[in-house]
Amino acid sequence: MNLTLKIWRQVGPATKGKMVSYHVTDVSPDMSFLEMLDVLNEKLILDGDDPVAFDHDCREGICGSCGLMIDGVAHGPEQATVCQLHMRSFSDGDVIDIEPWRSGGFPVVKDLVVDRSAFDRIISAGGFISAPTGTAPEAHATPVPKKDSDAAFDAATCIGCGACVAACPNGSAMLFTAAKVSHLGLLPQGQPERDARVLRMVGQQDAEDFGGCTNIGECSAVCPKGISMETISRLNHDLLGALRAGAVPAS
Amino acid sequence: MPLELFTVGEPIADTKAPTDVPVPQMWEERKFRARLVNPANRRRLSVIVVGTGLAGGSAAATLAEAGYRVKNFWFQDSPRRAHSVAAQGGINAAKNYRNDGDSVHRLFYDTVKGGDFRSREANSYRLAEVSAAIIDQAVAQGVPFAREYGGLLDNRSFGGAQVSRTFYARGQTGQQLLYGAYQALERQIGLGNVETHGRTEMLDLVVVDGRARGIVVRDLITGQISTHLADAVVLASGGYSNVFYLSTNAKGSNVTAAWRAHKRGALFANPCYTQIHPTCIPVSGDYQSKLTLMSESLRNDGRVWVPKERGDDRDPRQIPEDERDYFLERKYPAFGNLVPRDIASRQAKNVCDEGRGVGPNGLGVYLDFTDAIQRLGRSTIEAKYGNLFDMYNRITGEDAYETGMRIYPAVHYTMGGLWVDYDLESNIPGLFVIGEANFSDQGANRLGASALMQGLADGYFVLPNTLANYLADGPFPKVAADHPAVVEAETAVRTQTERLLSINGTRTVASFHRELGRLMWDLCGMERSEEGLRKALDRIPEIKHEFWTNVKVSGEQGVFNQNLEHAGRVADFIELAELMCVDALHRNESCGGHFRAESQTPEGEALRDDENFAYVAAWEYTPDGTPPVLHREALEYEYIHLAQRSYK
C-alpha cells in the first residue's frame with residue numbers, strides 16, 4: 001500500500017519544529033510500524049536528507065524505548081507499543097500523523113525522540129525497596145499471598161514508555177508513579193518504606209514538569225501493559241494514610 | 001590449518017582459582033585469600049561500569065552500596081531499557097524447593113554437560129553455588145516471582161533439565177529481575193553514589209602503564225567525545241548476536257565496547273560459540289528488522305512437525321496425522337520436543353533443507369497445540385501461554401489456537417566474549433568483564449534460564465569481591481587529561497568518526513549490516529563447513545573494503561545522529577565476523593552451539609574432539625592484515641566425566 005506520513009521534524013530542543021509530509025510506497029501489511037519508518041529513513045539517507053530520529057530498541061514491546069503519537073493516539077490504534085503495531089492496521093492511501101510524546105515533562109531531543117529522564121528521577125526518589133546486596137533473608141522466610149503477589153506483578157509490568165503522560169490532557173505522570181507505588185506497597189517487603197516512598201515519589205513527580213491527575217483515565221486506555229486505574233486509587237490511599245499518620249508532604 | 005589464517009601464541013591459564021582446594025571450597029577460599037579494601041578507603045577508589053543490564057546494573061548498585069565511587073554509562077535513554085529486560089523464561093537456582101534431587105552439584109553438572117564440556121569447572125561450580133543467593137536478593141528487592149496459593153515461590157522445569165529449579169515471573173522474568181537491579185541502582189543514584197552518563201556510548205579503552213584506566217565515550221545527544229578515568233573499568237556490554245543482523249537481540253545491542261577493548265589487547269575467547277534458539281517467529285520479508293523469540297516453555301505442550309512430503313503446501317489442518325512427521329519425537333524418543341536448543345534448532349534446519357519447511361519461504365516448522373488443547377482444554381492453554389499466542393497473532397495476524405504456530409530458529413545468545421580469569425578480570429589488569437560480554441561460564445552452549453543467573457551472579461556476588469582484591473593496590477597514580485594514552489585514544493575515536501562521515505558513498509549502513517548478517521547466517525550459522533567458512537573469509541574483507549569506501553553515513557558528528565552510531569557498530573561487527581569465522585574454521589570439531597558439518601556422529605549429532613580441542617580459544621588482536629594469534633587455555637575435567645551428550 002501507499003501512504004502519506006506527516007512527521008514532526010525538530011532539529012533540537014531549542015529550535016522550532018514543524019510537520020513535514022513524506023510519501024512511502026509499497027508498504028507491506030506485515031511490516032511493523034517501525035520497519036515502515038526504517039524503509040523511509042533508508043530512502044532519506046540515500047537522497048541526502050536527514051533521517052527521522054526515533055527511539056526504539058527491543059522491538060518486541062518490553063524495553064519501553066519506542067513511543068509515538070499516531071493520529072493523536074499514544075502508540076497508535078492498537079493497545080500495544082508502536083514496535084508491535086503492524087501496517088495491516090492501516091489502509092492504502094491513509095494519511096498518518098506522527099508526533100513525539102507531548103508533555104512539558106518530556107522535552108524533545110530531536111524529531112520524535114524525547115527526554116524521559118524525569119521517570120528515572122521519580123524512581124530514584126523512592127521507587128525501590130532498600131535491600132543492599134548480601135542482606136537478604138532466605139526467599140521463603142516470608143510467604144506472600146498469591147493474590148497480592150499477582151496484583152503486585154500486574155503493576156510491576158509497567159515499561160516506563162511514557163504513553164500515560166503523552167495521553168493525559170494534564171500531562172500527568174500519575175499512572176507511572178502509581179504503578180511502582182502499588183507494586184512495592186502490595187508486598188510485605190515493601191511495608192517499612194511505604195509511607196516515605198509515596199511521599200517522596202509524589203514529591204519528585206510534582207518537582208518535574210508534569211501536570212496533576214484528575215482521574216480522566218486516558219493513561220490506562222493507551223497503556224500497552226494495561227496498568228489499571230486501581231493503582232492510582234492505591235497511591236491516593238497510601239498518600240492519605242501517610243499524611244494522616246503525621247507525615248509532612250514533600251511537595 | 002594453513003598458517004595464514006592465524007598464528008599460535010603462548011598458552012594462557014587462569015591463575016586465580018585456588019586449585020589446591022576441592023572445587024566446592026574454591027570460591028570461599030578465593031574470597032578468603034583476596035585482599036580487602038577498608039570501607040573508609042573505598043570512597044577514594046573509582047570504578048567505571050559500562051552497561052546497566054543484569055550484570056552491569058547489579059554491579060553498579062552493589063559497588064556503590066559498598067562505598068566505591070561508581071561512574072555508570074549506558075547508551076539507551078534509561079538504565080531500565082538494557083536488553084536483559086527482554087528475557088522471558090526464567091532463572092535457575094539450586095534451591096531444591098521441589099525436593100526433586102537438585103543440588104549445587106547437580107546444577108554444576110547440568111551446566112558443564114549442557115555447555116558440552118567446554119566451560120571451566122571452577123567457574124561453573126561457583127555459578128551454581130551463588131545461584132540460591134540471587135533468588136533471596138531478588139525477593140528482598142520486591143521482584144514478583146510467580147507464587148503458589150500457599151504463598152511460596154513456584155518453580156518449573158526448563159529446556160534440558162530434569163528438575164524444577166527455574167524461578168519465573170510469567171513470561172517477563174528478565175524484565176522483573178532487571179527492574180530489581182535498576183531500582184537498587186536508582187537508589188544509589190539518588191544517594192549521590194553514582195555518577196551517571198546516559199545516552200553515552202563507549203568507543204575506546206584507555207590503557208596506561210599496562211592497566212585499564214578509563215574509556216573514551218561519545219555523548220549521543222551532543223556528539224561530544226570525551227575521556228573518563230578511574231581506577232578500574234568494568235565492561236557489562238552484552239553479547240554480539242547482532243553480527244547476524246537478524247537476531248532476537250534489541251536493535252541497539254552491539255559488540256563495540258568489547259571489540260574496542262579487544263583492539264587494545266584484551267583477548268576474545270570462543271567467538272564462534274553462538275546459540276540459536278529454536279522457537280522464533282519466521283522471517284516475513286526483506287524489510288524485517290529483528291526476530292521475535294517465543295518462550296521455549298511452549299515446547300512443553302506444543303508438538304513440532306512438518307509434512308512428510310516435500311512441497312506439501314496444504315493448510316496444516318488439512319494434513320492428516322499419518323502424513324505428518326513429528327521429527328523431534330521420532331528422533332529423540334526420551335526427550336522428544338524438549339531436547340536442548342542446539343539440537344532442536346539444527347533438526348528444524350535439516351527438515352527445511354530437505355524442502356519440507358512450511359510458510360511463505362519454506363523456512364519454518366509447525367509448533368502444534370491441537371493435542372494439548374484437546375487434553376487440557378483451550379482455557380488451560382490460554383492461561384499458560386495466552387500472552388505468547390497474542391504476541392504471535394499481533395506479529396503474523398494468525399490465530400495459533402486454530403492453525404498452530406510457525407517457528408524457525410534465530411540467533412539468540414553468544415557464549416563467546418572477552419576472556420576473563422576466575423576473578424572475571426581480562427588479561428589487561430584492571431579491565432573486568434561480566435555477564436554475556438565475557439566468554440562466560442556457559443561453555444559451548446548455554447542452558448535455558450542460565451543467562452539471568454550468570455549476569456546477576458557476576459554483578460551482585462562475584463565481581464564485588466574480586467574487584468576489591470584488585471583495588472586494594474589503588475588508588476593508582478592520577479592520569480593527566482593530556483596523557484599520551486588519553487590523547488591517542490581520543491584522537492583515534494575522532495578520526496574514525498570523521499572518516500565514517502566523509503566517505504559519502506552510495507550504500508546505507510543498514511544495507512551492509514544486512515549483507516553481513518545474511519552471509520554469517522548462511523556460512524557461520526547453525527551449521528558450518530570448511531568450504532563455507534573459507535568462502536565467508538574471502539567475502540568479509542571485500543565487504544569491509546566496500547564499507548570503508550562506499551558507505552553513506554548521514555548528518556554530522558556534533559549532533560544527535562543515530563545513523564553514525566549504527567555505522568560505528570557495523571564497522572566493528574564486520575571485524576568480529578572475520579574472527580568468528582577464523583575461530584569456527586580452526587575448531588575442527590562440533591560442540592554445543594558450534595556445529596561443523598565435518599564432525600558429526602552417524603546419527604548426525606555433534607561430535608566433539610576432546611583430544612585436540614578441549615581448550616578455550618583466546619584470540620589476540622593484531623593490526624590490519626596480519627593474522628590473529630591463538631592462545632589456548634587447556635580445560636581439565638576433574639569432577640565431571642567427559643562424555644558424549646545424549647538426549648535420546
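# A walk through chains A and B

Start in chain B and select β12, β16, β15, β13 and β14: these five strands form an open sheet in that order, with antiparallel pairing. Strands here are DSSP runs of E of at least two residues, helices are runs of H or I of at least four, and both are numbered from the N terminus. Two strands pair if DSSP finds at least two bridges between them.

Before you go on, a word on what is on screen. This is a predicted model, where local features need pLDDT of at least 70 and side-chain atom pairs count only at pLDDT 80 or more, while totals for chains, interfaces and linings use all residues. Residues are numbered from 1 along each chain as its sequence is written, and chains are lettered from A and ligands numbered from 1 in the order in which they are written.

**Stop 1: the edges of the sheet**

Which strands stand at the edges? Colour β12 (274-280) and β14 (324-325) of chain B: each has a single partner strand, so one side of each is left without a neighbour in the sheet. Now add β13 (residues 303-307) of chain B, which pairs with β14(B) in the antiparallel sense over two bridges. Click on B:Pro307 and you'll find its bridge partner, B:Arg324, in β14(B).

**Stop 2: strand β21 and its partners**

Next, select 615-620 of chain B, which is strand β21. Five of its six residues are buried, so β21(B) is largely enclosed by the rest of the structure. Buried means that 20 or more other C-beta atoms lie within 10 Å of a residue's own; exposed means 12 or fewer, partly exposed is in between, and C-beta atoms are placed from the backbone.

Show β11 (residues 268-269) of chain B as well: two bridges join β11(B) to β21(B), and they run antiparallel. Then show β22 (residues 629-634) of chain B, which is joined to β21(B) by six bridges, again antiparallel. B:Ala618 is a handy residue to centre on. It is the bridge partner of B:Ala269, and it also stands opposite B:His631 in β22(B).

**Stop 3: helix α4**

Move to residues 104-114 of chain B, helix α4. Several residues here are buried, including B:Leu107, B:Phe108 and B:Val112. What do the buried residues of α4(B) pack against? Select β4 (91-92) and α5 (121-141) of chain B to see. After the helix comes B:Asp116, with a positive phi near 55°.

**Stop 4: two domains in chain B**

Colour 277-412 of chain B as domain 1 and 491-615 as domain 2, following the domain assignment. Such bounds come from an automatic or database assignment. The two centres, taken over C-alpha atoms, are 29 Å apart. Each domain puts five residues into the contact, where contact means that C-beta atoms, placed from the backbone, lie within 7 Å. On the domain 1 side, select helix α9 (residues 341-353), which gives the most, with four residues. That side has one nonpolar, one polar and three charged residues. In this count, Ala, Val, Leu, Ile, Met, Phe, Trp, Tyr, Cys and Pro are nonpolar, Asp, Glu, Lys and Arg are charged, and the others, Gly among them, are polar.

**Stop 5: where the chains meet**

Bring chain A into view. The contact takes 59 residues from chain B and 63 from chain A. On the chain B side, α3 (54-66), α5, α6 (173-190) and α17 (562-586) each supply at least two residues, and α6(B) gives the most, with nine. By class, the chain B side has 19 nonpolar, 26 polar and 14 charged residues.

Zoom in on α6(B) and on α2 (residues 117-126) of chain A: their axes come within 7 Å and cross at roughly 85°. Axes are lines fitted to C-alpha atoms, for helices over the stretch in contact, and angles run from 0 to 180 degrees between N-to-C directions. To see the contact, show A:Asp120, A:Ile123, A:Ser124 and A:Ala125 against B:Gln183, B:Glu186, B:Ile189 and B:Gly190.

**Stop 6: chain A on its own**

Finally, hide chain B. Chain A has eight helices and seven strands, and 53% of its 251 residues count as buried. Colour 3-110 as domain 1 and 116-244 as domain 2. Their contact takes 18 residues from domain 1 and 17 from domain 2.

Terms used. Contact = placed C-beta atoms within 7 Å.
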